[in-house]
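Please open the model in your viewer and keep the selection panel to hand. The stops below are meant to be followed in order, with one selection at a time.

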Amino acid sequence: MAQLTLLDKVQPLLLVLSVFLGLLLYRVLPSLVGVSVLVVQVGIFLLIVLIMSSKSLSEISRGFTRGRKVVLISTLVNFVFTPLFAWFIAKALLVGEPEVAAGYILYLVTPCIGWYLIFTELAGGDVETGIVLLGVNIVLQLSLLPVYAYLFLRVLIPFSFADLIRSIVLYLLIPLGLSRIARRAIYSTGTPRLLKTVNYSKTFLLMVVITFMFLSQAEKLYSNMHVLLKVLIPVFIFFSLIPLVDLAVAKAARIAYKEYALLTFTTTARNSEVSLAIAATVFPGTLTPLVVAIAPAIELPLLILILRELELIKKAFFK
């Protein structure tokens, strides 16, 4: 097994520091809030491009055949188990809080369409199959959200085909095309120094994304701490339980650690941008959009903890 580099060892600390930096910037430079959402969106886009740049098209194509099992498992967990789990937890722990419960359910029924690739790579997971899941997650979540709304919220949420096409183009086709250009430029030089620079660039971009994500949500966090407390336990339960469910399924299905790492992050990381847009449209003036905005602030530290947890699980269960 390859030894961790210094960057690998200090990266979790850098990510945690980025959280506090974002909250601090809100206090000292609140004018940055206006550009924070744009910075987060551009940063994630560039991160996906860099991650895809490290993979050849032949590697990505092998993910379609080699990763069939993990694609099927993650689809079942994301689109069958998790919605039912979200409904059960909301009914059990958020009784009398319909607005908070609606936000919790909306947040959990939208699997991530990019963020999980970053953590999958950090954990040494199967990024090639993860790119395949990117398209699967986009198509299924936009197709099934009206179903979830009817079953769990009794509200029909419309989605246009144009929105689906734009999502696929923005998060899959454009990054894939740009990654081919970047890959050719990087590998044509044959210089390890440039490859190392790309690796450090990914860490720097991730820190920027985290900093500005928390900057954008700082005001809501500071002024509505009671909502944070209400949703903290249900979110923590989800992020604590799902990696264990994934581990049990992974061992039963006899998949390798790389696939398990991908499975863990594609079934834990959530697509907060989509769920926030839906919450703001369907439930304006309620606490529902605030819950969806606060949840990622809880999610990120938990994903970092899961990253460390997977190191222990790898040693204990995957030889």
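A patch, as the word is used here, is made of residues with over 30% relative accessible area and no salt bridge, and nonpolar side chains are joined into one when they lie within 5 Å. With that in mind, and remembering that this is a predicted model, begin on the outside by selecting Val169, Leu173, Ile174, Leu178 and Ile181, which form a nonpolar patch on the surface with about 410 Å² of accessible area together. Now keep Leu178 alone: this residue belongs to helix α8, which covers residues 161-189, and because its relative accessibility is 38%, Leu178 counts as partly exposed. An α-helix has 3.6 residues a turn, so residues three or four places apart point the same way.

Next, display the whole chain as a cartoon, where you will find 13 helices and zero strands. Buried residues account for 52% of the 319 residues in the protein, while the protein exposes about 14900 Å², of which carbon and sulfur atoms supply 71%. If you draw the contacts between residues at least 6 apart in sequence, 86% of them join residues at least 24 apart.

Move inside to the largest nonpolar core, which has 94 residues; the members that touch the most other members are Tyr104, Trp115, Tyr116, Phe265 and Leu300. Helix α13 (residues 288-317) gives the most to this core, with 15 residues.

From the core, select helix α6, residues 115-122, which is mostly covered, six of its eight residues being buried. The buried ones are Trp115, Tyr116, Leu117, Ile118, Phe119 and Thr120. Which residues does Trp115 contact once its neighbours within four places in sequence are left aside? Showing the side chains around Trp115 should bring up Ile44, Leu206, Val209, Ile210, Ala269, Glu299, Leu300 and Leu303. Before leaving this region, step to Gly124, just after α6, where phi is positive at about 75 degrees.

A long-range pairing is the next stop, and for it you should select Leu205 in helix α9 (residues 192-223). Leu205 has a relative accessibility of 15%, and since buried means under 20%, this residue counts as buried. Apart from neighbours within four places in sequence, Leu205 is in contact with Gly43, Leu46, Leu47 and Leu50. A distance drawn from the C-alpha of Leu205 to that of Gly43 should read 6.0 Å, although the two residues are 162 residues apart in sequence.

Now go to Arg254, which sits in the loop between α10 (225-253) and α11 (257-268). Is Arg254 buried or exposed? Its relative accessibility is 76%, and therefore Arg254 counts as exposed. The backbone deserves a look as well, since phi of Arg254 is near 60 degrees, a positive value in a residue other than glycine.

Finish by following the chain into α11, where eleven of the twelve residues are buried, so this helix is largely enclosed by the rest of the structure. Selecting Tyr257, Glu259, Tyr260, Ala261, Leu262, Leu263, Thr264, Phe265, Thr266, Thr267 and Thr268 highlights those buried positions, and Phe265 was already met in the core among the residues touching the most other members. As a last check, draw a line between the end C-alpha atoms of α11: they are 16 Å apart, which agrees with the 16 Å that twelve residues should span at 1.5 Å a residue.

Methods:
Residues numbered from 1 in each chain as written. Predicted model: local features only at pLDDT ≥ 70, side-chain atom pairs only at ≥ 80, totals over all residues. Heavy atoms only, no water. Helix = DSSP H or I, 4+ residues; strand = E, 2+ residues; numbered from the N terminus. Buried < 20%, exposed > 50% of the residue type's maximum accessible area, 1.4 Å probe, protein only. Contact = heavy atoms within 4.5 Å. Areas by Shrake-Rupley, 256 points an atom, 1.4 Å probe, with all protein chains shown as cover. Core = buried A, V, L, I, M, F, W, Y, C linked by side-chain atoms within 4.5 Å. Expected span 1.5 Å × (residues − 1). Patch = residues over 30% accessible without salt bridge, like charges linked within 9 Å, V, L, I, M, F, W, Y side chains within 5 Å. Salt bridge = Lys/Arg side-chain N within 4 Å of Asp/Glu carboxyl O.
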